[in-house]
Amino acid sequence: MQGKVEICGVNTSKLKVLTAEEMDQLLRRCKKGDEQARQALIEGNLRLVLSVIQRFEKRGESPDDLFQVGCIGLIKAISNFDPDKQVRFSTYGVPMIAGEVRRYLRDNSAIRVSRSIRDVAYRVLQCKEALTTKLGRDPTLEEISRELELPPDEVSRALDAVCAPVSLYDPVYSDGGDPLTVMDQVRDTRNTDEAWMEHITLRNAFASLGPREQQILSLRFVGGKTQMEVAGSLGISQAQVSRLEKSAIGAMRKSVSVIVS
């Protein structure tokens, strides 16, 4: 978005800026139903929309789409603002514009979450915005939790659910050469060469056992059955199960040691 001068056909380098006095006069005229004042307010606050949507420039959405959604939030803010209250329009309009953009991102997310979680997330985001304005800093998870009377883990889950997905190919760091991506920082500790070799070795060792020994080991270590339960299933004694189990494990150890050596 940075460096993009034209958005939705609007030259952002030539956006109007209204003075405080002009804003007050236009807001009061708009409140009385003056459509020309309303249009002047929209045109005079497009720079405010632009400043808000720049917060979301890393979400991977089209700047034009975000700008249009932000304008909807601006129009709602103009319609609902009361000029008699001692509040600056920008103080009221920024959360309204940001909320509209967040709702758009939430409803058009590549990852779908349940409506109930989205509703909680929307309340959390509104609360966070209000507390940020009130405290002059980002509120903690505990502060949001207390304000909404929700468990901290529910607040955390709701926020995680509406986070924008990150591509494995997103750059994390670059020093002028090839950038370091998220994929470079993610390590699969299970599907390593060593793990695959161990898996193949154990599978071959297991395949070398007789059908009865394979059945006993499967029931014991895959099915989680006791030796007595295995004995009952196979119609043999617990002592026979114990002997066959030890024999099978010994044979597998011998087979593995031969392959490794």
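**Entry 1: Gln25**

I began with Gln25 and placed it in helix H1, which spans residues 20-31. The model I am reading is a predicted one. I then looked up the exposure of Gln25 and noted a relative accessible area of 45%. Buried requires a value under 20% and exposed one over 50%, so at 45% I entered Gln25 as partly exposed. I also checked the distance to Pro83, a residue 58 positions away from Gln25 along the chain. The C-alpha atoms of Gln25 and Pro83 are 9.1 Å apart.

**Entry 2: Gln227**

I next turned to Gln227, which I found in helix H12, residues 227-234. Is Gln227 buried or exposed? Its relative accessible area is 17%, so I recorded Gln227 as buried. I then listed its contacts, leaving aside residues up to four places away in sequence. Gln227 touches Arg220 on one side of the sequence, and Gln238, Val241, Ser242 and Glu245 on the other.

**Entry 3: H3 against H5**

I examined how helix H3 (residues 46-53) is set against helix H5 (residues 89-107). Their axes come within 10 Å and cross at roughly 50 degrees. Because of that angle, I classed H3 as oblique to H5. I noted the crossing of H3 with H5 as right-handed.

Which residues make the contact between H3 and H5? From H3 I listed Leu48, Val49, Val52 and Ile53. Their partners in H5 are Phe89, Ser90, Val94, Ile97, Ala98 and Val101. I sorted the residues of this contact by character and obtained nine nonpolar, one polar and no charged. Serine falls in the polar class, and I therefore assigned the polar place to Ser90 of H5.

**Entry 4: Cysteines**

I searched for disulfides and found zero in the structure. A disulfide is a covalent bond between the sulfur atoms of two cysteines. I looked up the exposure of two cysteines, Cys30 and Cys127. Cys30 has a relative accessibility of 14% and therefore counts as buried. Cys127, at 9%, is also buried.

**Entry 5: The whole protein**

I closed with the overall figures. The secondary structure comprises 13 helices and four strands. How many of the 261 residues, as a percentage, count as buried? I entered 32%. For contacts between residues at least 6 apart in sequence, I noted that 54% join residues at least 24 apart.

Conventions
Residues numbered from 1 in each chain as written. Predicted model: local features only at pLDDT ≥ 70, side-chain atom pairs only at ≥ 80, totals over all residues. Heavy atoms only, no water. Helix = DSSP H or I, 4+ residues; strand = E, 2+ residues; numbered from the N terminus. Buried < 20%, exposed > 50% of the residue type's maximum accessible area, 1.4 Å probe, protein only. Contact = heavy atoms within 4.5 Å. Axes fitted to C-alpha atoms, helices over the stretch in contact; angles between N-to-C directions. Parallel < 35°, antiparallel > 145°, perpendicular 65-115°, else oblique. Left-handed = near helix turned anticlockwise from the far one by under 90°. Disulfide = S-S within 2.5 Å.
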